[in-house]
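Colleague: I am new to this one. Can you walk me through it?

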Amino acid sequence: MTSKLFETYTLNDQISLKNRILMAPLTRCMADDQLVPTDAMAEYYARRADAGLIISEATIIRPDGQGYPNTPGLFTPEQITGWRKVTDAVHANGGKIFAQLWHTGRVAHPHFFDGDKVLAPSAEKVEGTVPRMRDLSYITPTPATHEDITQLVADYAQAASNAIDAGFDGIEIHAANGYLIDQFLHYDSNKRNDEYGETPQNMSRFALEVIDAVSERIGAERTAVRLTPGAYFNMQADPRDKAVFDYLLAQLELRTLAFVHIGIFDDAMEFDFLGGRVSDYVRANYSNTLVGVGGFTPQTGEQALRDARFDLLAIGRPFIANPDYVEKVRQGKPLTAYSEEMLASLV
């Protein structure tokens with residue numbers, strides 16, 4: 001029986017993938033102090049080019065989007081040049097790569113940029129401290145004005161254009177995991193009473209404006225989006241969120257995006273108000289190309305594809321531990337177990 005994992009797949013009749021295994025976005029905090037990708041990053045991604053598609057680590061669209069140290073950007077000429085080294089290395093090894101575009105919203109911190117405020121839909125503070133910099137506590141965000149939102153949409157589109165200039169095959173908009181776009185999509189973080197709040201249509205507006213602006217700039221076939229219908233990271237779940245994602249997914253169904261990527265760490269995650277497993281909820285509401293993720297083994301991933309729960313499968317930490325993940329799975333070889341110590345270096 002032929003493995004589903006190693007079947008080819010074409011995104012919107014445009015982008016051909018040599019297998020259905022994606023390398024999930026993995027924040028490594030390895031850019032230099034100007035947020036420029038390094039030669040070590042180029043080598044790191046090139047070694048994993050056997051994946052059908054690599055999705056880069058989250059990459060900030062502008063300075064005030066930064067919430068972690070040494071995360072790469074896509075807003076300066078030097079950053080674009082640095083990423084070009086990465087994409088050239090991946091393409092030289094026969095791979096394809098999308099850039100994940102990111103603004104962290106209320107979990108950004110002025111420590112990283114020249115400013116004194118962070119933007120979010122509402123003045124709803126996240127408790128806690130910045131990862132890897134525990135002496136920095138989060139601050140109360142400033143609600144984005146209409147002018148701020150217009151500029152953010154433009155900056156997402158510009159970052160997407162910069163990604164294409166840097167040689168990426170497409171982009172994934174990070175609208176998941178409690179970051180800026182996701183903050184508009186949940187009642188816990190969105191307390192607005194204007195056209196960007198209160199109702200599912202309004203709360204989806206910013207996400208759709210970003211998706212449409214990026215699609216217009218670089219083409220919908222090169223535009224993907226990552227979503228988290230259930231809140232679990234820097235966010236409290238609210239049963240009313242289901243109506244927001246019912247509306248948003250229906251709108252995405254009408255668009256010809258490259259794919260929708262579920263943004264969870266464990267595919268077993270369930271929410272009663274979604275009727276059970278998050279991934280099953282998304283599949284029931286979205287029939288186009290869907291990427292699953294969250295703790296899959298080669299065997300469980302194979303079965304998920306056979307059951308048509310997803311069209312593509314993203315693999316995260318096992319790719320850190322196994323640069324040759326695809327070939328090991330193809331040959332049935334044992335995989336090296338992931339450990340936290342592996343985060344200390346790019347290999």
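What follows is a set of questions and answers on this predicted model.

Colleague: Let us start with the pocket. What is the volume of the largest pocket?

Modeller: Rolling a probe the size of a water molecule over the atoms shows where empty space is left. For the largest pocket, the volume is about 900 Å³.

Colleague: Which residues that line the largest pocket are the closest to its centre?

Modeller: The lining has 32 residues. They divide into 19 nonpolar, eight polar and five charged. The closest to the centre of the pocket are P25, L26, T27, F265 and R317.

Colleague: Which element gives the most to the lining of the largest pocket?

Modeller: β5 (97-102), β16 (312-315) and α9 (317-321) each supply at least two residues of that lining. One of them gives the most, with three residues: α9.

Colleague: Now the inside. Which residues of the largest nonpolar core touch the most other members?

Modeller: The largest nonpolar core has 98 residues. To this core, α5 gives the most, with nine residues. The members that touch the most others are F206 and L252.

Colleague: What is L252 in contact with, leaving aside its neighbours within four places in sequence?

Modeller: Contact here means heavy atoms within 4.5 Å. By that cut-off, L252 is in contact with L208, I211, V225, L227, L257, V260, Y286 and N288.

Colleague: How many residues are in the second, separate core?

Modeller: This core includes C29, L35, F113 and Y179. Two of these, L35 and F113, are also touched by Q66. The second core has 17 residues.

Colleague: Is Q66 buried or exposed?

Modeller: Q66 is found in the loop between β4 (53-60) and α2 (77-92). Among the residues it touches are I60, T71, T104 and H109. Its relative accessible area is 5%. Buried means under 20%, so Q66 is buried.

Colleague: Which elements do the buried residues of α7 pack against?

Modeller: Helix α7 covers residues 278-285. Its buried residues include V278, S279, Y281, V282 and R283. They pack against α6 (241-253), β12 (260-262), β13 (270-271), β14 (276-277) and β15 (290-292).

Colleague: R192 is a charged residue by type. Is R192 buried or exposed?

Modeller: R192 is found in the loop between α4 (180-184) and α5 (200-218). Its contacts beyond four places in sequence include A120, S122, P143, H146, F184 and E198. Its relative accessible area is 10%. The cut-off for buried is under 20%, so R192 is buried.

Colleague: Which side chain joins that of R192 in a polar contact?

Modeller: A polar atom of the R192 side chain lies 2.9 Å from the backbone oxygen of P121. That is a backbone atom. The contact between side chains is 2.8 Å, and the partner of R192 is D194.

Colleague: What about K328: buried or exposed?

Modeller: K328 is found in helix α10 (residues 325-331). Its contacts, near sequence neighbours aside, are N322, K333, P334, L335 and T336. The side chains of K328 and T336 make a polar contact of 3.3 Å. At 14% relative accessibility, K328 counts as buried.

Colleague: How many ångströms separate the C-alpha atoms of K328 and R28?

Modeller: Along the chain, the two are 300 residues apart. Their C-alpha atoms are separated by 23 Å.

Colleague: Where does D13 lie, and is D13 buried or exposed?

Modeller: Most residues other than glycine have a negative phi. D13 is not a glycine, yet has a positive phi of about 60°. D13 lies in the loop between β1 (9-11) and β2 (15-17). Its relative accessibility is 72%, and the cut-off is over 50%, so D13 counts as exposed.

Colleague: What is the phi of N234?

Modeller: N234 lies in the loop between β11 (223-227) and α6. With a relative accessible area of 24%, N234 is partly exposed. Its phi is positive in a residue other than glycine, near 55°.

Colleague: Last one. Which residues is A237 in contact with, leaving aside its neighbours within four places in sequence?

Modeller: A237 lies in the loop between β11 and α6. At 36% relative accessibility, A237 counts as partly exposed. Its contacts are A231, F271 and F273.

Terms used. Residues numbered from 1 in each chain as written. Predicted model: local features only at pLDDT ≥ 70, side-chain atom pairs only at ≥ 80, totals over all residues. Heavy atoms only, no water. Helix = DSSP H or I, 4+ residues; strand = E, 2+ residues; numbered from the N terminus. Buried < 20%, exposed > 50% of the residue type's maximum accessible area, 1.4 Å probe, protein only. Polar contact = N/O pair within 3.5 Å; in protein donor to acceptor, adjacent residues only side chain to side chain. 1 Å grid on protein atoms, 1.4 Å probe; cavity = no way out; pocket = protein on both sides within 12 Å on 5 of 7 lines; lining within 4 Å. Points joined across faces, edges and corners; volume = space filled by probe spheres on them. Core = buried A, V, L, I, M, F, W, Y, C linked by side-chain atoms within 4.5 Å.
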